[in-house]
Amino acid sequence: MHKVPEALSGARVIDPDQVCDAVAVLSDSGKVAEAATVLDVLGEANRLSLLLALQHAGDLCVSDLAVAVGMSDSAVSHALRLLRAHGMVTAHRQGRLVRYRLTDGLARRLLEVVSEVAVSPGALHAHGETDPAQDRA
């Protein structure tokens with residue numbers, strides 16, 4: 001049985017099997033909306049830069065992130081509030097510092113794909129590791 005919505009039962013359909021498949025993959029509108037929100041948040045260059053920095057350099061505080069991405073502390077704080085609200089980063093206290101960390105989820109998975117084209121390969125200094133992006137060079 002095809003899943004063409006009843007409201008569109010009179011619509012001209014060329015390939016009902018493909019329409020059925022399209023309707024099936026779009027059936028969870030909540031998940032589609034969630035993915036669209038993640039893509040929207042990632043679509044701004046400063047926020048994307050912050051997330052890429054956290055992904056590749058590890059946990060960072062606001063002032064270090066600001067230097068790394070060339071933003072003011074207040075602009076970074078504002079962006080991090082949005083990223084926290086969307087569950088893309090978490091904050092944890094380390095002594096007097098608050099460090100931010102990338103969470104697992106769709107954003108992290110998308111950042112892996114973006115990193116393949118956007119991240120410069122090179123050795124990482126803080127942890128004595130090689131950035132996986134270097135392996136692609």
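Here are some short exercises on this predicted model, each with a worked solution.

Numbering starts at 1 along each chain as its sequence is written. Because this is a predicted model, local features need pLDDT of at least 70 and side-chain atom pairs count only at pLDDT 80 or more, while totals for chains, interfaces and linings use all residues; side-chain values use heavy atoms, with hydrogens and water left out.

**Exercise 1. In which order do the helices and strands run from the N terminus?**

Solution. Start with the rule: helices (H or I, at least four residues) and strands (E, at least two) are DSSP runs, numbered from the N terminus. The protein has six helices and three strands. Read from the N terminus on, the order is α-α-α-β-α-α-β-β-α.

**Exercise 2. Are H2 and H6 parallel, perpendicular or oblique to each other?**

Solution. Two packed helices are described by the angle and the distance between their axes. Axes are lines fitted to C-alpha atoms, for helices over the stretch in contact, with angles from 0 to 180 degrees between N-to-C directions. The axes of H2 and helix H6 (residues 106-118) come within 10 Å and cross at roughly 50°. Angles under 35 degrees count as roughly parallel, over 145 as roughly antiparallel, 65 to 115 as roughly perpendicular and the rest as oblique. H2 and H6 are therefore oblique to each other.

**Exercise 3. Is Arg 47 buried or exposed?**

Solution. Recall the classes: buried means under 20% relative accessible area, exposed over 50%, and partly exposed in between (1.4 Å probe, protein chains only). Arg 47 lies in helix H3 (residues 45-57). Its relative accessible area is 18%, so Arg 47 is buried. For context, buried residues make up 26% of the 137 residues in the protein.

**Exercise 4. Which residues form salt bridges, and how accessible is each partner?**

Solution. Apply the cut-off: a side-chain nitrogen of Lys or Arg within 4 Å of a carboxyl oxygen of Asp or Glu. The count comes to two salt bridges.

- Asp 59 and Arg 101 meet at 2.6 Å, N to O. Asp 59 lies in the loop between H3 and strand S1 (60-61) and Arg 101 in strand S3 (residues 97-102), so the pair ties together parts 42 residues apart in sequence. Asp 59 is partly exposed at 24% relative accessibility, and Arg 101 is partly exposed at 37%.
- Arg 108 pairs with Asp 104, the closest N and O atoms being 3.0 Å apart. Arg 108 is partly exposed at 23% relative accessibility, whereas Asp 104 is exposed at 67%.
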